[in-house]
Protein chains: 2
Amino acid sequence: MKKDDSTEEKILAAARKVFTAKGMAGARMQDIADEAGINKALLHYYFRNKEQLFENIFKKLSQGFWQQISQVFDSEEALFKKIESFCSMYIEKVIHNPYIPLFIMHELNQRPVNFVKKMFNDNPPNPNRLVMQIQAEVKAGNIRPIAPQQLIMNMISMCVLPFIGKPMFMSVMNVDEKTFNDLMQKRKTEVPEFIINSIKK
Amino acid sequence: MKKDDSTEEKILAAARKVFTAKGMAGARMQDIADEAGINKALLHYYFRNKEQLFENIFKKLSQGFWQQISQVFDSEEALFKKIESFCSMYIEKVIHNPYIPLFIMHELNQRPVNFVKKMFNDNPPNPNRLVMQIQAEVKAGNIRPIAPQQLIMNMISMCVLPFIGKPMFMSVMNVDEKTFNDLMQKRKTEVPEFIINSIKK
DNA sequence: GTCTATAACTCGATAGAC
DNA sequence: GTCTATCGAGTTATAGAC
């Protein structure tokens with residue numbers, strides 16, 4: 001039997017879908033059971049309770065979320081190239097998983113501050129390499145002076161927020177689904193261009 | 001009796017606090033009653049049910065959210081000045097109401113697409129004036145070519161996302177509350193500077 | 001492992017006294 | 001208007017048959 005067909009995998013896929021769409025508080029075990037094509041009792045057989053099922057999903061998602069970021073942050077690429085790689089990779093990823101960032105941020109805001117740290121206790125993401133790279137480019141006079149933290153926040157913000165605010169943007173800008181998707185596709189090159197134009201000398 | 005001391009006002013203030021922190025699904029009528037210093041039955045006396053109380057809060061918040069944006073978007077200022085006004089006004093506002101954007105976006109993502117439109121049926125926000133202003137500046141050759149929608153998304157993204165992702169940024173960048181707040185204060189000038197550097201010729 | 005049935009509990013809502 | 005007490009629907013979780 002393929003791994004994806006196992007009951008456990010079906011539950012995890014269903015739970016991921018329901019939790020990311022409705023959040024922990026809004027999700028019902030019944031919804032997850034229905035989505036997985038099984039009954040509620042089986043959920044408790046595989047995962048003792050709702051909390052454990054949630055944590056399983058949440059930990060996996062948030063670690064994956066940052067693992068991919070860290071890979072780019074730590075790569076050997078030059079700064080401008082790295083900015084391009086990050087934005088296109090990241091926007092592409094979020095196009096295919098539009099609910100994940102809002103889900104993670106909503107759930108993190110419900111929990112104590114050190115919950116994030118606990119989540120990454122084995123492998124905490126850290127942007128040090130990118131920070132030092134930015135500082136070096138500033139020092140070398142290749143880009144204008146800017147605080148690395150601010151630049152990194154700007155980059156992540158522009159990649160992620162349009163998806164989190166999709167319903168609002170669609171309504172306010174009066175665009176349909178297709179037009180919105182086109183705009184997002186274009187952002188894969190627009191955002192890095194915007195950033196590089198701002199920091200280059 | 002001052003308006004703020006009336007029971008209705010106490011309920012609204014409590015509901016706002018609890019709903020924005022926990023979301024509609026996560027909020028309990030008991031939490032709101034406790035926060036307001038009254039009992040559950042009184043909530044139902046003033047607002048028939050949870051849904052009506054929620055809609056009251058949500059409508060007020062989301063309209064206020066956009067009303068302030070629209071004011072700046074429609075002002076008579078020149079483009080660069082307008083960008084500065086928007087960012088400093090907006091970041092300042094979110095510093096004092098850090099939960100609101102995440103709350104609004106989370107709730108909007110739970111509801112049908114035309115829920116947003118229904119919310120603004122009387123006074124839909126529209127960025128047309130700013131869009132035309134950007135187009136004019138591009139045409140006049142005062143700024144480099146850029147799609148107005150992309151520029152507007154960039155601006156809003158950089159103002160809002162750091163607050164939505166606060167727990168994550170704090171953990172990943174390893175900064176404490178005070179340092180985070182300092183970074184946000186600086187963003188009131190950093191963000192417009194970042195944008196203008198990118199689009200100016 | 002998977003199901004049905006149901007226990008145990010949470011929570012929104014109402015009844016009714018004051 | 002405000003409170004206490006309680007109902008009843010909906011949910012998580014468990015028991016027990018297969």
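Buried means under 20% relative accessible area, exposed over 50% and partly exposed in between, with a 1.4 Å probe and protein chains only. Keep that in mind as you move through this predicted model, where local features need pLDDT of at least 70, side-chain atom pairs count only at pLDDT 80 or more, and totals for chains, interfaces and linings use all residues. Residues are numbered from 1 along each chain as its sequence is written, chains are lettered from A and ligands numbered from 1 in the order in which they are written, and side-chain values use heavy atoms, with hydrogens and water left out.

**Stop 1: chain A as a whole**

Select chain A and switch to a cartoon view. You will find 11 helices and 0 strands; these are DSSP runs numbered from the N terminus, with helices being H or I of at least four residues and strands E of at least two. Along the principal axes, the C-alpha atoms fill a box of roughly 65 × 45 × 35 Å. Of the 201 residues in chain A, 51% are buried. Now turn on the surface: the accessible area of chain A is about 9,600 Å², and carbon and sulfur atoms account for 51% of that. Such areas come from the Shrake-Rupley method with a 1.4 Å probe, and for residues only the protein chains shown count as cover. If you draw the contacts (heavy atoms within 4.5 Å), then among those in chain A between residues at least 6 apart in sequence, 68% join residues at least 24 apart.

**Stop 2: helix 6 of chain A**

Next, select residues 100-108 of chain A, which form helix 6. How many of the residues of this helix are buried? The count is 9 of 9, so helix 6 of chain A is mostly covered in the sense of buried given at the start. Among the buried residues are A:I100, A:F103, A:H106 and A:L108.

**Stop 3: the largest cavity**

Stay with helix 6 and look for enclosed space. On a 1 Å grid over the protein atoms alone, a cavity is a set of points where a 1.4 Å probe fits but cannot get out; a pocket is an open set with protein on both sides within 12 Å along at least five of seven lines; and lining residues have an atom within 4 Å of a point. Grid points are joined across faces, edges and corners, and a volume is the space filled by probe spheres set on the points. There are 11 cavities of 30 Å³ or more in the structure, and the largest holds about 80 Å³. To see its lining, select residues including A:T20, A:Y99, A:L102, A:F103, B:H106 and B:N109. Helix 6 of chain A is the biggest contributor to this lining, with 4 residues. Sorted by class, the lining has 4 nonpolar, 6 polar and 1 charged residues. Here Ala, Val, Leu, Ile, Met, Phe, Trp, Tyr, Cys and Pro count as nonpolar, Asp, Glu, Lys and Arg as charged, and the others, Gly among them, as polar.

**Stop 4: the second largest cavity and B:A21**

The second largest cavity has a volume of about 70 Å³. Its lining includes A:H106, A:Q110, B:A21, B:Y99 and B:F103, and divides into 4 nonpolar, 6 polar and no charged residues. Helix 1 (7-26) and helix 6 (100-108) of chain B each supply at least two of the lining residues.

Zoom in on B:A21, in helix 1 of chain B. Is B:A21 buried, exposed or partly exposed? Its relative accessibility is 28%, so B:A21 counts as partly exposed. Setting aside neighbours within four places in sequence, B:A21 touches A:Q110 and B:Y99. Draw a distance from its C-alpha to that of B:I100, 79 residues apart along the chain, and you get 8.6 Å.

**Stop 5: the largest pocket**

Now for open space: the largest pocket has a volume of about 340 Å³. Of its 18 lining residues, the closest to the centre are A:K166, A:P167, A:M170, A:E177 and B:V113. Helix 10 (residues 166-172) of chain A gives the most to the lining, with 4 residues. The classes come to 9 nonpolar, 5 polar and 4 charged residues.

**Stop 6: the cysteines**

Finally, select the cysteine sulfurs. A disulfide is a pair of these atoms within 2.5 Å, and a search of the whole structure finds 0 over all chains. A:C159 is in no disulfide, with the nearest cysteine sulfur, that of A:C87, 3.8 Å away. A:C159 is buried, at 1% relative accessibility. In chain B, the sulfur of B:C87 is 3.8 Å from that of B:C159, its closest cysteine sulfur, which is too far for a bond. B:C87 is buried too, with a relative accessible area of 0%.
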